[in-house]
Amino acid sequence: MKRPLSNVQINDDVQNIDERTCYWIDLCLRQEEIELQSLVYQTLLKQSYIVESPLNARFLHQNLYPLKMSERDGSWTIAINNNTGVPKQLVDIVLNQNTTFKHFKYENLELLSMSIIWLFTCEPLPKCCIVNEHTI
């Protein structure tokens, strides 16, 4: 069973992130190993709406935006379509407006929105972004 995103766990993890962490993430994303890239993207999505995290949606955006579409589709799109658990949790935060959502500040919502927008670049659209046969 997958654990839900936990703000306590994630905020604890934020304290351990430094330039060396970002270096290793960049290095992992440059590898042509889809399982490794998928693991990194899932981790970035878990951090994506945390304002204090240097690995939030802005970091994700900085890594995805410069890629050519074919490069992005060869990593990001495959990673998301092969593992929709974390993206689904992000979409559920918005759709269900759960406790996490109710405690969000504007900056959290902005980062969450940026993450979800990146999900829409995946083709085909991840199932987590389709609700009752309608796209969110």
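A pocket, as the word is used here, is an open set of grid points with protein on both sides within 12 Å along at least five of seven lines. Keep in mind that this is a predicted model. With that said, let's start at the second largest pocket, which has a volume of about 250 Å³. Its lining is made up of 13 residues, and those closest to the centre are Leu29, Arg30, Gln37, Leu67 and Ser75. Helices α2 (19-30), α3 (34-47) and α5 (69-82) each give two or more residues to that lining. Chemically it's a mixed bunch: four nonpolar, four polar and five charged residues.

Two of those helices turn up again when you look at the aromatic rings. The whole structure holds three aromatic pairs. One of them is Tyr41 with Trp76, an edge-to-face pair with 5.1 Å from centre to centre and 85° between the planes. Tyr41 sits in helix α3 and Trp76 in helix α5, so this pair links parts of the chain that are distant, 35 residues apart. How hidden are these two? Tyr41 has a relative accessible area of 2%, and because buried means under 20%, Tyr41 is buried. Trp76 is buried too, at 0%.

Another of the pairs is Tyr49 with Phe104, and this one is tilted: the centres are 5.1 Å apart and the planes make an angle of 45°. Here the rings come from loops. Tyr49 lies in the loop between α3 and α4 (57-64), while Phe104 lies in the loop between α7 (99-102) and α8, so the pair ties together parts that are 55 residues apart in sequence. Both Tyr49 and Phe104 are buried.

Now move on to helix α8 (residues 106-119), where you'll find Ser115. You might wonder: is Ser115 buried or exposed? Its relative accessible area is 0%, so Ser115 is buried. The side chain of Ser115 has a partner in there, since a polar contact of 2.9 Å joins it to the side chain of Ser48. Leaving aside residues up to four places away in sequence, Ser115 touches Leu45, Ser48, Ala57 and Leu90.

For a contrast, go back towards the start of the chain. Asn16 lies in the loop between α1 (7-14) and α2. Its relative accessibility is 58%, and because exposed means over 50%, Asn16 counts as exposed. Asn16 also gives you a nice look at how the chain folds back: Ser53 is 37 residues away in sequence, yet the two C-alpha atoms are 9.8 Å apart in space.

Conventions:
Residues are numbered from 1 along each chain as its sequence is written. This is a predicted model: local features need pLDDT of at least 70, side-chain atom pairs count only at pLDDT 80 or more; totals for chains, interfaces and linings use all residues. Side-chain values use heavy atoms; hydrogens and water are left out. On a 1 Å grid over the protein atoms alone, a cavity is a set of points where a 1.4 Å probe fits but cannot get out, and a pocket is an open set with protein on both sides within 12 Å along at least five of seven lines; lining residues have an atom within 4 Å of a point. Grid points are joined across faces, edges and corners, and a volume is the space filled by probe spheres set on the points. Helices (H or I, at least four residues) and strands (E, at least two) are DSSP runs, numbered from the N terminus. Ala, Val, Leu, Ile, Met, Phe, Trp, Tyr, Cys and Pro count as nonpolar, Asp, Glu, Lys and Arg as charged, and the others, Gly among them, as polar. Buried means under 20% relative accessible area, exposed over 50%, partly exposed in between (1.4 Å probe, protein chains only). A polar contact is a pair of N or O atoms within 3.5 Å; within protein, one must be able to donate a hydrogen and the other to accept it, and residues adjacent in sequence count only if both atoms are side-chain atoms. Contact means heavy atoms within 4.5 Å. Rings of Phe, Tyr and Trp (its six-membered ring) pair if their centres lie within 6.5 Å; planes under 30 degrees apart count as stacked, over 60 as edge-to-face and the rest as tilted.
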